[in-house]
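The following report describes a single protein chain, beginning with a pair of charged residues and moving outwards to helices, core and surface. Please read it alongside the sequence and the structure.

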Amino acid sequence: MRREAQDAAETDEDVVVESRETPSVEALSDELASQREAEREAEAQDVRERSPYKALLSAEGVARLVPAMVVARLPLGMMSVLLVLQVSSYLGAGVAGATTAALTLGTAIFAPLLGKGVDHGIGPALLRATSVVQLALMLVLLYAAQAGAPAALVLLIAFLTGSCTPPVAGTTRSLWAHLVRPELLDMAYSFEVLLVDVLYVTGPLLASLFIGLGMAGAGLVFAVGGQAVGSWMLAASKPVHAYAEAGRMTGGKGGRRRTAADDFTDDEAERAEMRGLLSSAGVCLLLLVCLATNAFSGALETLLPLWYDSLGQPGRSGFVISVWSIGSILGVIGFSRFQPSTRRIALPRQLVLFSAVYLAVSLSLALYSSHAALSVAAFAIGCFVSPCTNLHYQLSGALAPKQRHGEMFSWVNTATSAGLSLGSFAIGLIVEGGSFLQAFLFPSVFLVVALALAATLMAWARRRGRGVA
């Protein structure tokens, strides 16, 4: 009996030792997840150190998609400048700012609906139909303004024009997760920001050409007509058709989101997938950050042509906006190359840091009375808006299920349009009051709000996520 008890005790001790030495399933799972995250980070770093844009453009279908993406965004950098000057020449600065606001508000309200349509497989049809209708409505808007129609009617037509904006952003940004490898996804978002910034350089220059010829209305028709051509090119492309086919098969549901374990839990993604994207507090906070950040841009984009028009030098506004965009191009290239690793600084914290820098730089607008100083300020502002925009895209991709990226990026587009509308409307009212000093200082208030919201998002991510720095 004594011998049997001793053997049993030794057996029990062996089991205890074995249980101590054998890691649990959860520990192994966490270790494997950590290893995979480290491998992804190493791959991403390797891509950044080699030729990242070359690797992106060599992905199947990307190079053929780029021309359509560019042409379909032709109004960027042109629309606001030309519309403000065209309407203000007939109806005044207040109505001009409100018209721009009404147009972007229409875009903001209807973009999520169009984005859902993209996810449900009708993207090509939406691109074709909305682009044609918007071109027709733009012609009606220009006629109404020139004829001196009542302001309410002009604003209604502008709203309808904006509501028919083709879902270009929702279409193109939803494609990246299906076209490129995971380690190239952040680079793809950076590339799209770069394309937009290039258009914000060329757009104001083209706008200045039309303004110099006294043909602001013709410039608007050129921009919206080009967008229609680009939308039809997108609708005819194979990647867009493939995404539409997948959307019809899945009903626009499901799909796994891209891993962002250092920021968010899987439960949050599942909640967004099952109950709708806006059921996630993180999604709502991010959209509010986008709105506030872009309200600053909308204010400045409307303010510059009004300021230089008051000086009798309307063409200079296009130059300053182009300088702003050149800074943005350099900013996105630098950020894509030197963005901190998310293992060291999580995405929400990066957003807080860059939002704070952006706010500090925006205060340089107080030097508006000097053309040279204002150009330098615009360049610096451009350099630091790109990291914020890029982080908006990265966080959007992390928060939304993969098969709902079309809807998610349409919500981002809505927040962007709403912000642009708010900023434009507010600046129109301030300028109408006759104070350009207040007008140049006021936009920074929007960035104060954006910083506060980004900090709230970071706090939310810390409570919900894992490994948030």
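## A buried charged pair

Glu192 and Arg73 are both buried, a term that here means under 20% relative accessible area, with exposed meaning over 50% and partly exposed lying in between (1.4 Å probe, protein chains only). Their side chains meet in a salt bridge, with a distance of 2.3 Å from N to O. The pair links distant parts of the chain, since Glu192 belongs to helix α10 (residues 185-212) and Arg73 to the loop between α4 (62-71) and α5 (79-91), 119 residues apart. Under the rule applied, in which a side-chain nitrogen of Lys or Arg must lie within 4 Å of a carboxyl oxygen of Asp or Glu, the count comes to one salt bridge.

## Basis of the model

This is a predicted model, in which local features need pLDDT of at least 70 and side-chain atom pairs count only at pLDDT 80 or more, whereas totals for chains, interfaces and linings use all residues. Residues are numbered from 1 along each chain as its sequence is written, and side-chain values use heavy atoms, with hydrogens and water left out.

## Overall architecture

The secondary structure comprises 20 helices and zero strands, both taken as DSSP runs numbered from the N terminus (helices H or I, at least four residues; strands E, at least two). Of the 469 residues in the protein, 57% are buried. Among contacts (heavy atoms within 4.5 Å) with a separation of 6 or more, 83% are between residues 24 or more positions apart.

## Two helices and their surroundings

Helix α11 (residues 216-235) has 20 residues and reaches 29 Å from its first C-alpha to its last, close to the 28 Å expected, where the expected span is 1.5 Å times one less than the number of residues. Because 14 of the 20 residues of α11 are buried, this helix is largely enclosed by the rest of the structure.

For helix α17 (residues 371-399), which has 29 residues, the expected span of 42 Å agrees with the 42 Å between its end C-alpha atoms. Helix α17 is likewise largely enclosed by the rest of the structure, because 21 of its 29 residues are buried.

## The nonpolar core and buried positions

The largest nonpolar core, defined as a set of buried Ala, Val, Leu, Ile, Met, Phe, Trp, Tyr and Cys residues joined through side-chain atoms within 4.5 Å, has 122 residues, and those with the most contacts inside it are Trp176, Val180, Leu234, Leu304, Leu374 and Phe440. Helix α14 (residues 281-310) supplies the largest share of this core, 16 residues. Leaving out residues up to four places away in sequence, Trp176 touches residues including Leu56, Met69, Tyr189 and Glu192.

Helix α15 (residues 315-338) holds Ser322, which is buried with a relative accessible area of 4%. Beyond its neighbours within four places in sequence, Ser322 is in contact with Tyr200, Val201, Pro204 and Leu205. Ser317 also lies in helix α15 and counts as buried at 0% relative accessibility; with the same sequence neighbours set aside, Ser317 touches Val81, Leu304, Pro305 and Tyr308.

## The surface

The accessible surface comes to about 19600 Å², of which 65% belongs to carbon and sulfur atoms, with areas obtained by the Shrake-Rupley method using a 1.4 Å probe. Leu105, Ile109, Phe110 and Leu113 make a nonpolar surface patch of about 350 Å²; such patches consist of residues with over 30% relative accessible area and no salt bridge, nonpolar side chains (Val, Leu, Ile, Met, Phe, Trp, Tyr) being joined within 5 Å and like charges within 9 Å. Leu113, in helix α6 (residues 93-119), counts as exposed at 55% relative accessibility.
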